[in-house]
Amino acid sequence: MNANDRATIVTLLRAGTSTDAIQQHVDASVGEIAAIAEVEGLTKAHAKKTDTPLPDLDPHMVLALAALAWGENHHTARIRKLAARTAAGLTELAQLQRDAAQIEAAERQVAELTQTLTQAQNRLRSLKTNGGKPGPQAAAAEADVPDDKRQRDEIRAWARERGMPVSQVGSISKQVMDEWRKHNAAAATADQRQAG
């Protein structure tokens with residue numbers, strides 16, 4: 001048995017692949033597979049001793065990674081080049097995924113800070129209007145934009161359906177919020193009439 005076959009067996013064992021399934025991909029006896037599992041600490045007895053279970057891995061992904069490892073060490077230049085291109089593509093995808101996650105986190109942060117700023121500006125405006133005393137409009141001004149992100153997303157989707165201009169993130173205009181409240185009030189009134 002060569003090193004690539006052994007590495008494939010170890011990878012498949014770590015993924016929880018059965019002995020029969022391993023034998024479909026690697027020419028190895030049940031005894032050889034059992035011996036490798038014992039040496040690597042991958043038997044059922046070993047699994048019971050570990051506190052942290054191995055993550056569930058898609059067997060197709062395990063086989064793809066095993067094929068990639070096999071290709072990277074192959075004696076044929078064409079296969080090594082194909083494996084190198086595949087590895088480079090996977091690396092690029094992983095980087096794009098990390099970048100997208102960072103952008104999404106930054107957008108969320110900007111939206112939260114924009115909402116906080118909008119509420120503070122509304123409160124300041126209310127205080128200035130009422131000579132430093134919070135007026136009855138202060139609570140309404142601070143409540144212009146809901147704190148719940150799902151509700152803000154729902155309001156944005158509702159506004160877009162009606163052709164109203166609304167930003168992806170940040171504050172929602174007073175006009176949109178007023179229309180949203182009117183819509184909800186009308187729907188509540190209709191529900192009360194049907195119930196009564």
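**Exercise 1. Confidence**

Task: State the mean pLDDT of the chain and find the elements with the lowest and highest values.

Solution. The chain averages a pLDDT (the predictor's confidence in each residue, from 0 to 100) of 78, and 82% of the residues score at least 70. This is a predicted model: local features need pLDDT of at least 70, side-chain atom pairs count only at pLDDT 80 or more, and totals for chains, interfaces and linings use all residues. Residues are numbered from 1 along each chain as its sequence is written, and side-chain values use heavy atoms, with hydrogens and water left out.

Next, rank the elements. Helix 7 (residues 136–142) has the lowest mean pLDDT, 46. Helix 6 (residues 77–129) has the highest, 88. Then look at two weak stretches. Residues 46–51 have pLDDT below 50, with two contacts (heavy atoms within 4.5 Å) beyond near neighbours in sequence. Residues 137–143 are also below 50, with six such contacts in the model. Where pLDDT is low, the predicted coordinates should not be read in detail.

**Exercise 2. Overall make-up**

Task: Give the secondary structure, burial and exposed surface of the chain.

Solution. Count the elements: nine helices and zero strands. Helices (H or I, at least four residues) and strands (E, at least two) are DSSP runs, numbered from the N terminus. Turn to burial. Of the 196 residues, 23% count as buried. Buried means under 20% relative accessible area, exposed over 50%, partly exposed in between (1.4 Å probe, protein chains only). For the surface, use the Shrake-Rupley method with a 1.4 Å probe; for residues, only the protein chains shown count as cover. The chain exposes about 13900 Å², and carbon and sulfur atoms supply 55% of it. Last, contact range: among contacts between residues at least 6 apart in sequence, 42% join residues at least 24 apart.

**Exercise 3. The largest nonpolar core**

Task: Identify the helix that supplies the largest share of the largest nonpolar core.

Solution. Define the core: a set of buried Ala, Val, Leu, Ile, Met, Phe, Trp, Tyr and Cys residues joined through side-chain atoms within 4.5 Å. The largest one has 13 residues; I9, L13 and I22 are among those with the most contacts inside it. Helix 1 (3–14) and helix 3 (30–40) each supply at least two residues. Helix 1 gives the largest share, four residues.

Now check helix 1. T8, I9, V10, L12 and L13 are buried there. Their cover includes helix 2 (19–25), helix 3 and helix 5 (59–72). Just after helix 1, G16 takes a positive phi of about 80°.

**Exercise 4. A glycine in helix 5**

Task: Is G71 buried or exposed, and what does G71 touch?

Solution. G71 lies in helix 5. Its relative accessible area is 3%, so G71 is buried. Leaving out residues up to four places away in sequence, G71 touches I79, R80 and A83. G71 and L82 are eleven residues apart in sequence, and 7.5 Å apart C-alpha to C-alpha.

**Exercise 5. The two sides of helix 8**

Task: Explain why the buried residues of helix 8 lie on the same side.

Solution. Start with the span. Helix 8 (residues 149–161) has 13 residues and reaches 18 Å from first C-alpha to last, close to the 18 Å expected at 1.5 Å a residue. That expected span is 1.5 Å times one less than the number of residues. List the buried set: R152, I155, R156, W158 and A159. They cover an arc (of the directions from the helix axis to the C-beta atoms) of only 160°, so they sit on the same side of helix 8. R150 and E161, on the other side, are exposed. Just after helix 8, G163 takes a positive phi of about 75°.
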